[in-house]
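Me: I'm new to this one. Could you take me through a single part of it up close, the way two helices pack in chain B?

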Amino acid sequence: MTLIEAEGVSVTLGAQSVLQDVSLKLHPGEIVTIVGPNGSGKSTLLRTLLGIVPVISGRVTRKAGLRIGYVPQKLTLDPTLPLPVARFLSLPRRQSRANIAAVLARVGLPGVEARPMSGLSGGQMQRVLLARALLVKPEAILMDEPTQGLDQPGEAAFYRLLEEVRAETGAAVLMVSHDLHVVMAASDRVVCLNGHVCCEGTPHVVSNAPEYRALFGEGTRGALALYQHRHDHGHHHDGCEGHDHA
Amino acid sequence: MLDDFLTRAALAGVGVACSTGPLGVFVVWRRMAYFGDATAHAAILGVALALASDLPVAVGAAGVAAAMGLTVANLTGRGWAADTVLGVLAHAALALGLVAISFVQNVQLSLESYLFGDILAVSRADLAVIWGGAALVVALIVWRWDRLLLTTVNEDLAHADGLSPTRERLVLTVALALVVAISLKIVGALLISALLIVPAAAARALARGPEAMAVGATAVGAGAALLGLWASYHFDTPAGPSIVTAAAGIFAVAVVLGRLRRA
């Protein structure tokens, strides 16, 4: 059974081709991480899977009635909007107080119901967004760079929480990241994206794949490697064929 | 009771406030202040067209205001900078409206009433239009409230929940056109967006939730209308600007109270 499947999906934004012939499956209970440099189409792929961005060719199928919890990259709230945490969690469907209290306790933020969203720290905000995703009792949780802006302990704690949630609920997790080390450890499968799927497989297989190393370099944390990548993309694009690690 | 022009004016002001409160909070949250201006200014062109073709003024104003809203939404959706589009269209519509109105006979005298309102000349028929329009706007916003709110918080979240941000924007555009049409007589095209923004901003200083802010904005708007009318009557000042001045005064008091409460 597949929860979400993309088959040969291509997407353009304006005049620019962002995704070319991308295929991807999400199975129940697995954690899949999409990694790729800035501008590689990671967020667009996630938004395409959600049905926010239309495809120009290929297709996206979601299991009928699939319950998806979506955690966006960040929530920029206008300061003129007074929004207590509990009210946010009740959008667009009203939730009982007990439900809200339970889910906030689950993500490690008990008792913040009346706090304004604008007063939360980055880590607290991510946990509230995860709580909102959990309220739909999701079969799949889709997250766009959920740990952006968190420090390393915060990031590690967030991924621990995520693994616990996965273990309890059995929900599949599909997340986008450009931060490799922590992500790699937590994932069942890693998809390396750069407009197209460069390589795919277990974290170990992917981190040893030549395509992955070409994209991110060896032993660096991404930022430097991304830069180099732009100059010699063409080579590795060709090199992507032939190596099927999936 | 309705024979008294002051009573009719008060009822008209409160009626308009009932619609500008719930819509005004979205104008503030979504930073649509300039959008509100453009829509309101376009109403002058609508007035000219209505007078030239013997249509009711409110219909002409609402029609052109809605056309303006849709045009702006369409152009910005195609990648034009919203600020530039609004700057061009808002002023072009106002200027074109003033030019067009000069062609219509016997209207020059009452031009001021469309720019600054003429609440003391509100008739029973006007009252019916105002309360009918306000009821429509309130019903629309209450019906869509949760969807509008989530779309305002984050469009992707709304989309992932099966909502259409485009549809919700359309709802606000239609509501705005209606509000412009019924507010024209009260404060005039130049001050309509003040009636949307100032009460909402005043309510923000004290409100802790989105619903409380909408109710607060309505109360502030109604209070400002009554206070402004009272001042206008006693000091013989123009009514529309007096109402907006009263709203600004309430805003200042609310901000100070908000600071004190937080301190």
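Reply: Let's start with a term: a crossing of two helices is called left-handed if the near helix is turned anticlockwise from the far one by less than a right angle, and right-handed if clockwise. Keep in mind that this is a predicted model.

Now look at α6(B), residues 124–153, and α8(B), residues 165–187. α6(B) passes α8(B) in a left-handed crossing. Their axes sit 9 Å apart, at an angle of about 155 degrees. Angles over 145 degrees count as roughly antiparallel, so that is what α6(B) is to α8(B).

Who does the touching? On the α6(B) side you'll find, among others, B:Val129, B:Ile130, B:Leu136, B:Leu140 and B:Arg144. From α8(B) come residues including B:Glu168, B:Val171, B:Leu172, B:Leu178 and B:Ile182. Sort the residues of this contact by type and you get 16 nonpolar, two polar and six charged.

These two helices also turn up elsewhere: α6 and α8 of chain B are among the elements that give two or more residues to the lining of the largest pocket. That list includes α1 of chain A as well. About 810 Å³ of space lies in this pocket, and 32 residues line it. Closest to its centre are B:Arg30, B:Met32, B:Thr76, B:Glu155 and B:Arg169. The lining divides into 13 nonpolar, 10 polar and nine charged residues.

Terms used: Residues are numbered from 1 along each chain as its sequence is written. Chains are lettered from A and ligands numbered from 1 in the order in which they are written. This is a predicted model: local features need pLDDT of at least 70, side-chain atom pairs count only at pLDDT 80 or more; totals for chains, interfaces and linings use all residues. Side-chain values use heavy atoms; hydrogens and water are left out. Axes are lines fitted to C-alpha atoms, for helices over the stretch in contact, and angles run from 0 to 180 degrees between N-to-C directions. Helices (H or I, at least four residues) and strands (E, at least two) are DSSP runs, numbered from the N terminus. Angles under 35 degrees count as roughly parallel, over 145 as roughly antiparallel, 65 to 115 as roughly perpendicular and the rest as oblique. Contact means heavy atoms within 4.5 Å. Ala, Val, Leu, Ile, Met, Phe, Trp, Tyr, Cys and Pro count as nonpolar, Asp, Glu, Lys and Arg as charged, and the others, Gly among them, as polar. On a 1 Å grid over the protein atoms alone, a cavity is a set of points where a 1.4 Å probe fits but cannot get out, and a pocket is an open set with protein on both sides within 12 Å along at least five of seven lines; lining residues have an atom within 4 Å of a point. Grid points are joined across faces, edges and corners, and a volume is the space filled by probe spheres set on the points.
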